Amino acid sequence: MSHLKWLDLPPLWLVLFACLAWIQSTQLPIGSLGGAWADFLGGLLVGAGILLAVLAVMEMRKAQTTPIPHMAPSALVTTGIFSRSRNPIYLGDVLILLGLILWWDAVPSLILVPLFVWVITDRFIGPEEGRLHAAFGTHYETYKRQVRRWI
């Protein structure tokens, strides 16, 4: 069963939720967010989400720790983008999903954003916080008090 955890990764959840939004936008196009401005904002959000994820992975590599959620961390990363958000990759995923929804003009799919946040928090952030606390104790608790979970 432990090999199945490799199928339970945030990018796969992002793809699933994005596919649901795309299907809704093509098969059940209800409502509209308004053309060019939504496309522009959607593109900006997707770009910002990708940038956040890249910056976070670079910072994690510099600290020689893993960005893979199910693996034990070898370092507590508190520098760079992690000084602003404890979960910049997940925040980036949320921005990408929201951007795609705007870009595809998938108004009903906006409900997927809080659902995605819940799934990511429940399946990944909670367990990761437990591993970080177990590995880094008071250093992690101090960091947790200083930096917000999302933004």
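**View 1. Two residues of helix α2, E59 and K62, lie about one helical turn apart, because they are three residues apart in that helix.** In this predicted model, the side chains of E59 and K62 form a salt bridge, in which the closest N and O atoms are 3.5 Å apart. E59 counts as buried because its relative accessibility is 12%, under the 20% that sets the limit for that word. K62, in contrast, counts as exposed, since its relative accessibility is 62% and the limit for exposed is over 50%. This pair belongs to a structure that holds four salt bridges.

**View 2. R86, E129 and R149 are joined into one network by salt bridges that share partners.** Side chains of opposite charge can pair when their charged atoms come close. The side chains of E129 and R86 meet in a salt bridge with an N to O distance of 2.8 Å, and this pair links distant parts of the chain, with E129 in helix α4 and R86 in the loop between α2 and α3, 43 residues apart. R149 also forms a salt bridge with E129, the closest N and O atoms being 2.7 Å apart, and here R149 in the segment after α4 is linked to E129 in helix α4, 20 residues apart. E129 is buried, with a relative accessible area of 11%, and R86 counts as buried at 12% relative accessibility, whereas R149 counts as partly exposed at 29%.

**View 3. A nonpolar patch of about 450 Å² lies on the surface.** The patch is made by I50, L51, V54, L55 and M58. One of these residues, L55, is found in helix α2, which covers residues 36–62, and with 36% relative accessibility L55 counts as partly exposed.

**View 4. The largest pocket holds about 620 Å³ of space.** Of the 33 residues that line the largest pocket, those closest to its centre are M60, P67, I89, Y90 and E128. The elements that give two or more residues to this lining are α1 (10–27), α2, α3 and α4 (112–146), and the largest share, seven residues, comes from α4.

**View 5. Helix α3 is mostly covered, with 14 of its 16 residues buried.** At 1.5 Å a residue, the 16 residues of α3 (residues 88–103) should span 22 Å, and the C-alpha atoms at the ends of the helix are indeed 22 Å apart, which agrees. Just after α3, D105 takes a positive phi of about 55°.

Note on methods: Residues are numbered from 1 along each chain as its sequence is written. This is a predicted model: local features need pLDDT of at least 70, side-chain atom pairs count only at pLDDT 80 or more; totals for chains, interfaces and linings use all residues. Side-chain values use heavy atoms; hydrogens and water are left out. Helices (H or I, at least four residues) and strands (E, at least two) are DSSP runs, numbered from the N terminus. The expected span of a helix is 1.5 Å times one less than its number of residues. Buried means under 20% relative accessible area, exposed over 50%, partly exposed in between (1.4 Å probe, protein chains only). Patches are made of residues with over 30% relative accessible area and no salt bridge: like charges are joined within 9 Å, nonpolar side chains (Val, Leu, Ile, Met, Phe, Trp, Tyr) within 5 Å. Accessible areas come from the Shrake-Rupley method with a 1.4 Å probe; for residues, only the protein chains shown count as cover. On a 1 Å grid over the protein atoms alone, a cavity is a set of points where a 1.4 Å probe fits but cannot get out, and a pocket is an open set with protein on both sides within 12 Å along at least five of seven lines; lining residues have an atom within 4 Å of a point. Grid points are joined across faces, edges and corners, and a volume is the space filled by probe spheres set on the points.
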